[in-house]
Amino acid sequence: MHMQEEWDATPILKAAELRVTPQRVAILETMKQMGQVHPTAEEIYSHLKNHFPAISFATVYNALKSFLDADIIHELRYGDKASRYDLNTVNHHHLICDRCGMMMDVYLPEIDISAAVQEHHFDMRSYHIEVRGLCKNCRDLDVRKAD
Ligand SMILES: [Zn+2]
Ligand SMILES: [Zn+2]
C-alpha cells in the first residue's frame with residue numbers, strides 16, 4: 001500500500017470534468033483502499049459509513065453512476081447479482097474464486113476476436129475474460145484439511 005500517498009482522487013475527478021465533492025473523493029479513496037476486492041455499491045457504502053456516518057446509500061450509488069458515465073471506473077455485471085465496481089480502467093481480465101469470490105486483476109495479451117465477432121454482425125464494445133477456479137487461500141485450506 002506504499003503507493004497510497006501518491007494516489008489522489010481529486011485530479012482524477014477534475015480530469016473527468018466531474019465536480020469535486022468530499023463524498024466523491026471519499027468514495028474513490030475507499031475503493032482504492034479496498035484494493036482488488038472489486039466491491040459492490042453496498043460494500044463501498046458500509047465501508048464508508050464508518051468515516052462518514054451521514055452518507056446515504058443513494059449518494060454512493062449516484063456517485064458510482066457518474067463515475068461510470070465518466071469512465072473512471074468499470075462495472076462488472078453478474079446476472080442478477082449486484083454489480084461490482086473496478087477502479088482499474090486499464091484493459092485487464094479477472095481470476096475469480098468460486099468459493100470465496102476473490103477477484104484478482106490479470107493482464108493478458110490482446111486476443112484477436114474480430115473475425116468471430118464479425119461473423120455474427122456484432123458491434124463489439126468490449127470483451128472480458130473470466131478465469132474461474134479456486135484461489136491460493138482456498139486451495140491452501142483444502143490442503144490443510146486433507147493433512
Ligand atoms: Zn478463494
Ligand atoms: Zn479488475
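Donors, in the sense used here, are N, O and S atoms within 2.8 Å of the metal. With that in hand, the two zinc sites of this predicted model are a good way into the fold.

Start with the zinc ion called ligand 2. Its coordinating residues are His38 (NE2), Asp86 (OD), His92 (NE2), His94 (NE2) and Asp105 (OD), and the distances run from 2.0 to 2.1 Å. Read along the sequence, these donor residues follow the spacing H-x47-D-x5-H-x1-H-x10-D. His38 sits in the loop between α2 (22-33) and α3 (41-49), while His94 belongs to strand β3, so this pair ties together parts that are 56 residues apart in sequence. How much of His38 is left accessible? Its relative accessible area is just 2%, and since anything under 20% counts as buried, His38 is buried. His94 is buried too, with a relative accessible area of 1%.

The other zinc ion, ligand 1, has a set of sulfur donors: Cys97 (SG), Cys100 (SG), Cys135 (SG) and Cys138 (SG) coordinate this ion at 2.3 to 2.4 Å. Why is the arrangement around this zinc ion (ligand 1) called tetrahedral? The 4 donor atoms subtend angles of 105 to 114 degrees, and four donors count as tetrahedral if all angles lie between 85 and 135 degrees. Along the chain, the donors of ligand 1 are spaced C-x2-C-x34-C-x2-C. Cys97 is part of strand β3 (residues 93-97) and Cys138 is part of helix α6 (residues 136-146), so here the pair links parts that are 41 residues apart in sequence. Cys97 and Cys138 are both buried.

Now zoom out to the whole chain. The protein has 6 helices and 5 strands, and from the N terminus on they come in the order α-α-α-α-β-β-β-β-α-β-α. Measured out along its principal axes, the C-alpha trace spans about 50 × 45 × 35 Å. Of the 147 residues, 31% count as buried. Among contacts in the protein with a separation of 6 or more, 47% are between residues 24 or more positions apart.

The chain is divided into two parts, domain 1 (1-89) and domain 2 (90-147). Taken over C-alpha atoms, the centres of domain 1 and domain 2 are 22 Å apart. How do the two domains meet? On one side 8 residues of domain 1 take part, in contact with 12 residues of domain 2. Between them, domain 1 and domain 2 bury about 800 Å², with 43% of that area on carbon and sulfur atoms. Three residues do much of the work for domain 1: Gln36, Tyr78 and Asn88 supply 59% of the area that domain 1 buries against domain 2, more than any other three residues. As for salt bridges, the rule finds 0 across the interface of domain 1 and domain 2.

Back in helix α2, Thr30 is worth a look. Is Thr30 buried or exposed? Its relative accessibility is 6%, so Thr30 counts as buried. Leaving aside residues up to four places away in sequence, Thr30 touches Ile44, His47 and Leu48.

A few loop residues round off the picture. Most residues other than glycine have a negative phi. Glu17, which is not a glycine, has a positive phi of about 60 degrees. Glu17 is found in the loop between α1 (9-15) and α2, and at 74% relative accessibility Glu17 counts as exposed. His121 also has a positive phi, near 50 degrees, in a residue other than glycine. This time the loop is the one between α5 (114-119) and β5 (130-133), and His121, at 75% relative accessibility, counts as exposed. Asn50 lies in the loop between α3 and α4 (57-69). With 63% relative accessibility, Asn50 counts as exposed as well. Finally, Asn50 and Glu110 are 60 residues apart along the chain, and 41 Å separates their C-alpha atoms.

Key:
Residues are numbered from 1 along each chain as its sequence is written. Chains are lettered from A and ligands numbered from 1 in the order in which they are written. This is a predicted model: local features need pLDDT of at least 70, side-chain atom pairs count only at pLDDT 80 or more; totals for chains, interfaces and linings use all residues. Side-chain values use heavy atoms; hydrogens and water are left out. Donors are N, O and S atoms within 2.8 Å of the metal (3.2 Å for Na, K and Ca); water is not among the atoms, so sites may look incomplete. Four donors count as tetrahedral if all angles lie between 85 and 135 degrees; four count as square planar and six as octahedral if opposite donors are over 155 degrees apart and all others between 65 and 115; anything else is irregular. Helices (H or I, at least four residues) and strands (E, at least two) are DSSP runs, numbered from the N terminus. Buried means under 20% relative accessible area, exposed over 50%, partly exposed in between (1.4 Å probe, protein chains only). Domain bounds come from an automatic or database domain assignment. Contact means heavy atoms within 4.5 Å. Buried area is the accessible area (1.4 Å probe) that two parts lose on being put together, summed over both. A salt bridge is a side-chain nitrogen of Lys or Arg within 4 Å of a carboxyl oxygen of Asp or Glu.
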